[in-house]
Each structure stands twice: as C-alpha cells, then as structure tokens.
Amino acid sequence: MMISRRNFLAVAGAAAAAAALTACGGSSSSTSTASSAASSAASAGSEAAGKITKVALTCDTGTIDDESFNQACWTAVSGYMGDDCQYYIPEADASDEDRETMIRQAVNDGAEVIVCVGYLYGASLAWAAEQYPDVKFIAIDVTQGDIGTDAIPANCYCITFKEEQAGYLAGYAITKDGKNKLGFLGGMAVPAVIRYGYGFVQGADAAAQELGQNVEINYFYGGQFYGDANITSRMEGWYSNGTQVVFACGGIYTSAVEAALKNNGYVIGVDVDQNYIGANGVADGTYAYNPFITSAMKGLSAAVETALTDIEGGEWSEIAATNGNFGLEDGDYIGLPTDDDSWNFESFTKDEYEAVKAKIASGEITVDNSSDDATKPTVSEFTTVTYIQ
C-alpha cells in the first residue's frame, strides 16, 4: 500500500531494508559529463504526470548497507521503484564537486527524481537545482541554510526530522530503566547528529531529576561515519570504566557494538530499529547476546516513499520549495521501536514510554533543538556530561 503525505507512517522494517539492497543497481562516483540530450530526456519525464520512470539516490558519505541512514533511504527508493533506480556512493572525503559529479551521472543515467541523502549536499543542490531545473530533488536532512540560497529551489523538497525528540526518548527511557553511566558516540558533529546527542542528554537529565539519581554521560564525536580500531579502543575504555550503554549515531556504531560485547555492555541504535543486527548476530553465533536495548528512530523510509507517492499523485506542487520538518507534533514520525522483539528494557514500560511521548507531542515537554556544537544543553545538578574533544 502506498503512503500518502497525510498518512505518514513509521519507519520501514529492518527485514525490508536488508532485502532492498539487492533490488537495484549501485555505482561509485563517476566523472562522466552530462549531455544536453540526457538532460532533456530527464526534463521531459519529470514534466509528465503519472508514473516516475527512474529514481536515483546519491549519498554524501558512508556505504549503502550501513544498516542505518543510507540504507533506510535506499529501502524506500528500491522498494518503491523496483528495478528503475540506481544508487551512487562517493569515495571517502568527497567534495562538493564529487557530489555534483554523482548528480550529473544520475541525470546522465536518466533519473528524473534524485534523492540526495545528507546535509553535505547543500551547496551541490544549489548548483544542481539551477543546472537541471526539470529534475525533482528530494533532499534528506538538508535545509535552506545548507543550500545557501535565498529560498529553497522550486524543484527541491527538503525533509528534516526533530532528532532531538528521538534522542530525548532514548535518554529518558534508558535512565528510567536504571542505567546511570551512559555514553554518546556521534559519527560527526553535523546538525542531525548533534540534535540526537543533545536530545539524549536532555532526556537522561529529565529522568535523573524524576528519580533523584545522578547520571554520568561521556560525549564524543568520532569525526567519521564508520567504526575502526581507534574508535573501538576508546569505547572499550568507556565500558571498562563503567559505562553501561552507548547511544551510537551513524555507521560508527560498529565500534560501540564490538566494544560492548567485550565488556558485557549495551548500545542504543539510531535512525532505524537496529535490534535485528543484534538478533542476527546471536542467531549466527557472532554475538554472545543481543547488545541493542532500543533505537532512536526517525521515519526516513516512510518520508522518502511519501514524497515519491506525492510526485506520482500529482502533488509535487504542494511540497516543492518547502521543508517538511517532522516531529511528534505531526504524528508518529519519531520514536523508539515498540515491537516485543525490540523492547529490551528491564523495567521501563511501554505505558511509561507512551506517556512521555504524548507529553512531547502535546508540547508539555519541549526539547531544545539546538544543533550548534558550541552551545551545550543545560542540565541539572543530577547530570554530569563529559564532552571529549
């Protein structure tokens, strides 16, 4: 069943995410130059009403099978389009020019809709929107400020989320569940990751105040969206020194998981319900236990599918040149997984979760949405945050 913008649903399941990786082809960054014929073909297709003929997904960093951000978006594109889609992954340390090259290649390959994943696409979208005025761009985690133009381009729809709310829910839940030595491991200090982290700190602090108990949080950005030996070593240090749970944002989560399993520790997943990673690890004997307690999720797959449905439904004019910023005030766009298999808390209940979630949705609880790394969230005397440079 297709999802309309007015009936935005929760994140697509992890099983679908895994299956979608084989649905369409992929490509690394290419240096081909777009021809006017290719551009004209894409333009003609985008102007026609009805079925979209081809969609491209371009990533700003990482891999397509990151079991998180990129994969969730690709799940939506490949699930919606079948064989009529393509993804493009940049080399490490990609530049704006590299991202422009991927967009150019996507147009060359016939894409009439291009889903650009990640805020680093801002400057490249300013160029692409003008270069290809009849191609429709869906920009995930990109704002007008990232693009740098006076207004969002007429052929671009920006989708952002209130990650601070998801982070808050995760921090609140894990603290109410009895954990008081926490960690936050962010891939890079980009706006969405910062909001996740700051929300996590606020939620943990709120629960600490309610409980009248002290909470300690280690806070660190690894500077990359993948795990490696250095990050794993740092995480091992955290766990061996008493950290019980680490909220790991981005592909860097692999280091947190590896370190947790060596120290009987736990992790909180991000973007999608990552419980299946732990469950699969236990099933195949890789993991001695499932280290995932919960995941702070946002509706990436549903957002992309909704936008594609709007385009085919003739509603592009309603979303073009706008920024859909989705949070609990608007529906179930943010949250923790509540399936029994993914609910791995010891004492925190679903009723307690629904209660705090409703307070955020109603505005009774307001979560600071700052994404300025230099401005740390305010906490009470119950919470100590150690920001590690």
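**Exercises on two helices and a cavity**

On one side of helix α9, A229, N230 and S240 are exposed (over 50% relative accessible area, 1.4 Å probe, protein chains only). The model is predicted, local features need pLDDT of at least 70, and totals for chains, interfaces and linings use all residues. Residues are numbered from 1 along each chain.

**Exercise 1.** Find which residues of α9 are buried, and where they lie around the axis.

*Solution.* Start with burial, under 20% relative accessible area. I231, T232, M235, W238 and Y239 are buried. They cover an arc of only 115° (from directions axis to C-beta), so they sit on the same side of α9. An α-helix has 3.6 residues a turn, so residues three or four places apart point the same way. Now look at the cover. Elements in contact (heavy atoms within 4.5 Å) with the buried residues include β7 (181-186), β8 (215-221) and α10 (253-262).

**Exercise 2.** Check the length of α9 (residues 229-240) against the expected span.

*Solution.* The expected span is 1.5 Å times one less than the number of residues. For the twelve residues of α9 this gives 16 Å. The end C-alpha atoms are 16 Å apart, which agrees.

**Exercise 3.** Describe the burial of α12 (residues 300-312) and what follows this helix.

*Solution.* Twelve of the 13 residues of α12 are buried. Among them are L300, E305 and D310. After α12 comes G314, with a positive phi near 80°.

Key: This is a predicted model: local features need pLDDT of at least 70, side-chain atom pairs count only at pLDDT 80 or more; totals for chains, interfaces and linings use all residues. Side-chain values use heavy atoms; hydrogens and water are left out. Helices (H or I, at least four residues) and strands (E, at least two) are DSSP runs, numbered from the N terminus.
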